[in-house]
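Please look over the structure below before reading on. The briefing then takes up a few topics in turn.

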Amino acid sequence: MTSNLEKTIERICQKYNNDRTLMMNVVSDVQAELKGLSDEAMDLIAQHLGTHRVEVESLVSFYAFYSEESTGKVVIRLCNDVIDQLRGVEHIAEAFEEALGVKMGETTPDGTITLEWTPCIGMCDQAPAALINDEVVTNLTSDKVRQIVSELKENPDPGKLHKELGDGNNSNELVNSMVRNNIRMSGPVILAPFRSGQALARALALHPAEVIRNVKTARLRGRGGAGFPTGMKWEFTRSAKGGQRYILCNADEGEPGTFKDRILLTEYPDLVFEGMTVGGYAIGADSGIVYLRAEYAYLRNFLECVLENRRNLGLLGKDIGGKKGFDFDIRIQMGAGSYVCGEETALISSCEGLRGDPKNRPPFPAQKGYMGCPTSVNNVETFCCVARIMEEGPGWFSQLGSEGSAGTKLLSIAGDCMRPGVYEIPFGTKLSEVLKLAGASDAIAVQIGGPSGQMIDPGQYDRTICYDDLATGGAMTVFGPGTDLLEVVEEYMDFFIEESCGYCTPCRVGNVLLKKAVAKIRDGKGQPGDLAYLEDLGNTVRMASRCGLGQTSANPVLSTLKNFSSLYESRLKDAKDGRQPGFSLASAVEGASEIAGRKSAHLN
Ligand code: SF4
């Protein structure tokens, strides 16, 4: 007899045509429906998708939003990002624990509600915040927490929690969210009026090679952080050997402090999809994929609806815009809680239904990307710029900004400032001007570009936001007086330790050692030699790691060593008497004592 479990798995797998490359979707649906992936469930998925059980298990164990253990019907994921910590998330956690009667990582005895931590959910401008299943709750206070828990106990349906909705499309019935956009400053390029279809019509009037030439003339560089010239990337992809080509949109902004793509996806989805369609035409792709981070699942139905409207308008589908032979469509691939999937080769792995493991390069995605075909992965904001370049012309775009950085940049600013939110600024704007706009008059430090970026001291506030000076994917976190910056460094290192895929030793082990060394110094047990050790180790992790995560994970340590060296030096102890303050005999013999089953006579 077929069990209910077998029927459920069979139905879900059939929904995705038993396609192994869509295993992420299958596993996500099973997780949502069964609240956990048991051994039997994983065996059945493997059978239906014609793959090995180990493939399913490695996927389930990789992503934070999947669980082999049973979770509650409701999962509360409280964000423990640095900004949430500055906003007192510890008290919010205590309020949840008290109201639910469980500790972090536990499920209520009736099996209804699970409480756990999660890294950045893209809501730093309205922290403390949490995800409750797919619903976002923001600006949490202890009172709000008690109210939320009481309502969930009565009716475990997080969709009923919102008392008031956010602005703009957040109040669209398909979004139905309390999230606020916090758009503080619009500019001429991205946060500007846009007429759907116009950019595409202009592109389709040109040969694809001319479209690429326009993007090159506009001097557009990738907005995700690396700043690679977009036109060049498209040219490589277009000219690579292979029939099928793909264009992928990286909507996996997981860098703590970044939330600008959230606003673009909420208020400017047509601009994003139009840019992708132009990209598809330029490189000769007939398929596009938006890789949407799991934390933004609340936007999914809305985005699907926008895509459907575009199909109805003939802006997606067959012979788009009357151009015979130009067929192009876009699908949304949901992520499942993994920061490293923001790295383009890991993102490709995830789109293929695999663990988000970064791949070796070469070959580059432009040669061999999604399903082994030439692929271009571009950032959400980059696609918006592409559409506007087509609409207004490359000359218009390239004269905006600064010499090496054309156009404008979206910044998501949060932390100790009066006006957290999203700002569109011209490249070349001084950091001091940005801080003034955001109401951050007494900043003691600014983290540019999230934890993988650099921490800047007040003496450098006259530097400018651009690729040649302060390059950023968009995050800017402000720290005010009273912040223990070394504590921030430790938190950032914790984030990288948690998010490392573990493939290479320098990243897997080096980040742990870096964090321990910083903790030792904070604890007053550091010695002068520890600074050289931190620098050496940080550089080793940077140089010997395989992907962008490991190559930048030591930056919190390296940039503070460079710009805030006195913070470290003031906590060091010079061992003039020959004793090492960092050495503890008790800790050193702890392991041996455990094995021997007795304490050292010296310690007694
Ligand atoms: Fe994985 Fe880190 Fe190596 Fe990247 S650098 S492949 S995240 S272990």
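What follows covers the ligand, the cysteines and the nonpolar cores.

This is a predicted model, in which local features need pLDDT of at least 70 and side-chain atom pairs count only at pLDDT 80 or more, while totals for chains, interfaces and linings use all residues. Residues are numbered from 1 along each chain as its sequence is written, and side-chain values use heavy atoms, with hydrogens and water left out.

**The ligand**
- The ligand is surrounded by 13 residues, and the closest are Cys501, Tyr503, Cys504, Cys507 and Cys547.
- Of the residues in this shell, eight are nonpolar, four are polar and one is charged.

**The cysteines**
- The structure holds zero disulfides, a disulfide being a pair of cysteine sulfur atoms within 2.5 Å.
- For Cys79, the closest cysteine sulfur is that of Cys120, which at 5.3 Å is too far for a bond.
- Cys79 is also buried, with a relative accessible area of 2%, where buried means under 20% relative accessible area, computed with a 1.4 Å probe on protein chains only.
- For Cys124, the closest cysteine sulfur is again in Cys120, at 4.0 Å and too far for a bond, and Cys124 is buried with a relative accessible area of 5%.

**The nonpolar cores**
- The largest nonpolar core (a set of buried Ala, Val, Leu, Ile, Met, Phe, Trp, Tyr and Cys residues joined through side-chain atoms within 4.5 Å) has 121 residues, and those with the most contacts inside it are Ile45, Tyr63, Tyr66, Trp234 and Leu264.
- A second, separate core has 23 residues, including Val89, Ala95, Ile113 and Ile148.
- In soluble globular proteins, nonpolar side chains tend to be buried together.

How values were computed:
A residue is near a molecule or strand if one of its heavy atoms lies within 4 Å of it. Ala, Val, Leu, Ile, Met, Phe, Trp, Tyr, Cys and Pro count as nonpolar, Asp, Glu, Lys and Arg as charged, and the others, Gly among them, as polar. Buried means under 20% relative accessible area, exposed over 50%, partly exposed in between (1.4 Å probe, protein chains only).
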